[in-house]
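Visitor: Please take a close look at one part of this model, the place where protein and DNA meet. I would like the contacts spelled out atom by atom where possible, and then a little of the protein behind them.

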There are 2 protein chains.
Amino acid sequence: MADATGTIEAMLGKVPRTERGRKTLRRVLEAAALEFGERGYHDAAITGITQRAGVALGTFYTYFDSKEKVFRALVRDMSQATRQHVAEAVRGAPDRLTAERLGLEAFIGFVRQRRELYRIIEEAQFVAEDVYREHYLTFAEGYSRNLAAARERGEIAEGADSADEPRAWALIGMSVFLGMRYGIWEEDLSPAEVADIAIDLVSEGLRKRS
Amino acid sequence: MADATGTIEAMLGKVPRTERGRKTLRRVLEAAALEFGERGYHDAAITGITQRAGVALGTFYTYFDSKEKVFRALVRDMSQATRQHVAEAVRGAPDRLTAERLGLEAFIGFVRQRRELYRIIEEAQFVAEDVYREHYLTFAEGYSRNLAAARERGEIAEGADSADEPRAWALIGMSVFLGMRYGIWEEDLSPAEVADIAIDLVSEGLRKRS
DNA sequence: CCCAAACTTGAACCTTGACTCATGTTTCAG
DNA sequence: CTGAAACATGAGTCAAGGTTCAAGTTTGGG
């Protein structure tokens, strides 16, 4: 897309043509997720990936042109998986505020299960900035649309329509930091507790009411 | 602090004993901020730093033990500068919500002036995680205290006191993402506009009122 | 079966850049 | 003034790890 080559090959390695090839590609990708997640981009070694995958060093280059290319493929992969996971959790929510709550809870639960998520997606900021921006821009776009729709349905407080986007970014930032603090750093509150508090904050607001 | 050595020397290079030394140290630190900010930790080169500073390669090692050490010193430095800048902007605010608004506006303005801030502090997550955590933990602690005090003064909506901390993290995440999007990525809204929208969000909430 | 394409292998190559150190210069306290 | 400590210099050392490649092995369509 934002890629000059644009082909599917460029996005997820070279397409294998045999069953063996497909299986190997999958193993290399999974090994890469482990290696990058554990050691970070720069400390990760191609030999680390191939050893985990149980293949020879050269095999890696049958599927990816470079270290950076696997990393990009991985980020896109996890970005997509995250969006899908949240979308599923939210599906069928009766209204926007309920959707927010379900989405946030699912998100925090998700990062607990896949701690390599942050290590990989956030590091993309410094290794493949275009993919990083694409990730959050995609997220923010969908989010804005949902807020706008809810606002037009009269489900949430009205406001200028130009506020949808900043609101979306604010909510995303909230989720990302809560995910980091309560999903990865320390689990002293459950995803549900965190989601309750955060959603109460943005639903009811801090202003005192009589 | 969290450092085994604990001395001031370990935090900001070796302490120079002459005027010339202090001047050189300052230039090296400034050069390092530029180099790390422009190229990121791993692409930054010590020779890049010393060239910018106009000193020989070896001089660097008169002041810092390693590449990682300057980086840590720099992160602490910028962390402190950020907190100070926000604290000054907030000083004398009549109430918490006003303080929030002023703080956020100041923060976004600050990152616009010093775009290397994100590049450096956020990359610390992958280069010196302890300093990164220290940065946000310090921020969150102060924030929580402020919220708790305001709550006890009856200035903001009441709630369980266990909510202060998650609320603080939510607000920090909001600020960081708004700073990234509207401070660095694109300046399509002014810091004041962004702050207005975001603070309205957490003051009034999204729930519709009759 | 058969063989061309697909895939696998791992030693060797090669760049890069952090860090050392022996030598020289500058500073400043006494 | 002076000499010892502080500071500056930059060529050389060294390890790490990404990438190449030529020689094999396996697969699958015809």
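Guide: A polar backbone atom of B:Thr18 stands 3.2 Å from a phosphate oxygen of DNA strand D. This is a predicted model, so the distances here are computed from predicted coordinates. Strand D has a second phosphate contact at B:Ala56, where a backbone N or O atom lies 2.7 Å from a phosphate oxygen. At B:Gly58 the partner is a base: a backbone N or O atom of this residue is 3.1 Å from a base nitrogen of DNA strand D. Two or more residues each are given to the surface near strand D by α2 and α4 of chain A and by α2 and α4 of chain B. Helix α4(B) supplies the largest share of that surface, four residues.

In total, 20 residues surround DNA strand D, and those that come nearest are A:Ile46, B:Arg17, B:Thr24, B:Ala56 and B:Tyr63. Sorted by class, the surface near strand D holds ten nonpolar, five polar and five charged residues. On the DNA side, 75% of the strand D atoms within 4 Å of the protein belong to sugar or phosphate, and the rest belong to bases.

Now the other strand. Around DNA strand C there are 23 residues, of which A:Arg17, A:Thr24, A:Ala56, A:Gly58 and A:Tyr63 come nearest. For A:Thr24 the contact involves the side chain, with an N or O atom 2.7 Å from a phosphate oxygen of strand C. For A:Ala56 it involves the backbone, with a polar atom 2.8 Å from a phosphate oxygen of strand C. Chain B also reaches this strand: a backbone N or O atom of B:Lys67 is 2.9 Å from a phosphate oxygen of DNA strand C. The elements giving two or more residues to the surface near strand C are α2 (19–43) and α4 (57–63) of chain A, along with α2 (19–43) and α4 (57–63) of chain B. The largest share, five residues, comes from α4(A). By class, this surface has ten nonpolar, eight polar and five charged residues. Of the strand C atoms within 4 Å of the protein, 76% are sugar or phosphate atoms and the rest are base atoms.

As for the protein behind these contacts, chain A has ten helices and zero strands. Its C-alpha trace spans about 70 × 40 × 30 Å along the principal axes. Helix α5 (residues 67–90) of chain A contains A:Glu68 and A:Arg72, four residues apart and thus separated by about one helical turn. Their side chains meet in a salt bridge, with N to O at 2.8 Å. Over all chains, the whole structure has 46 salt bridges.

Further along chain A, helix α7 (residues 116–127) packs against helix α8 (residues 129–152) at an angle of about 130°, and their axes are 6 Å apart. The two helices, α7(A) and α8(A), are therefore oblique to each other. From α7(A) the contact uses A:Ile121, A:Glu122, A:Ala124, A:Gln125 and A:Val127, and from α8(A) it uses A:Glu129, A:Tyr132, A:His135 and A:Tyr136. By class, the contact between α7(A) and α8(A) has five nonpolar, two polar and two charged residues.

Notes. Residues numbered from 1 in each chain as written. Chains lettered and ligands numbered in written order. Predicted model: local features only at pLDDT ≥ 70, side-chain atom pairs only at ≥ 80, totals over all residues. Heavy atoms only, no water. Near = heavy atom within 4 Å. Polar contact = N/O pair within 3.5 Å; in protein donor to acceptor, adjacent residues only side chain to side chain. Nonpolar A, V, L, I, M, F, W, Y, C, P; charged D, E, K, R; others polar. Axes fitted to C-alpha atoms, helices over the stretch in contact; angles between N-to-C directions. Parallel < 35°, antiparallel > 145°, perpendicular 65-115°, else oblique. Contact = heavy atoms within 4.5 Å. Salt bridge = Lys/Arg side-chain N within 4 Å of Asp/Glu carboxyl O.
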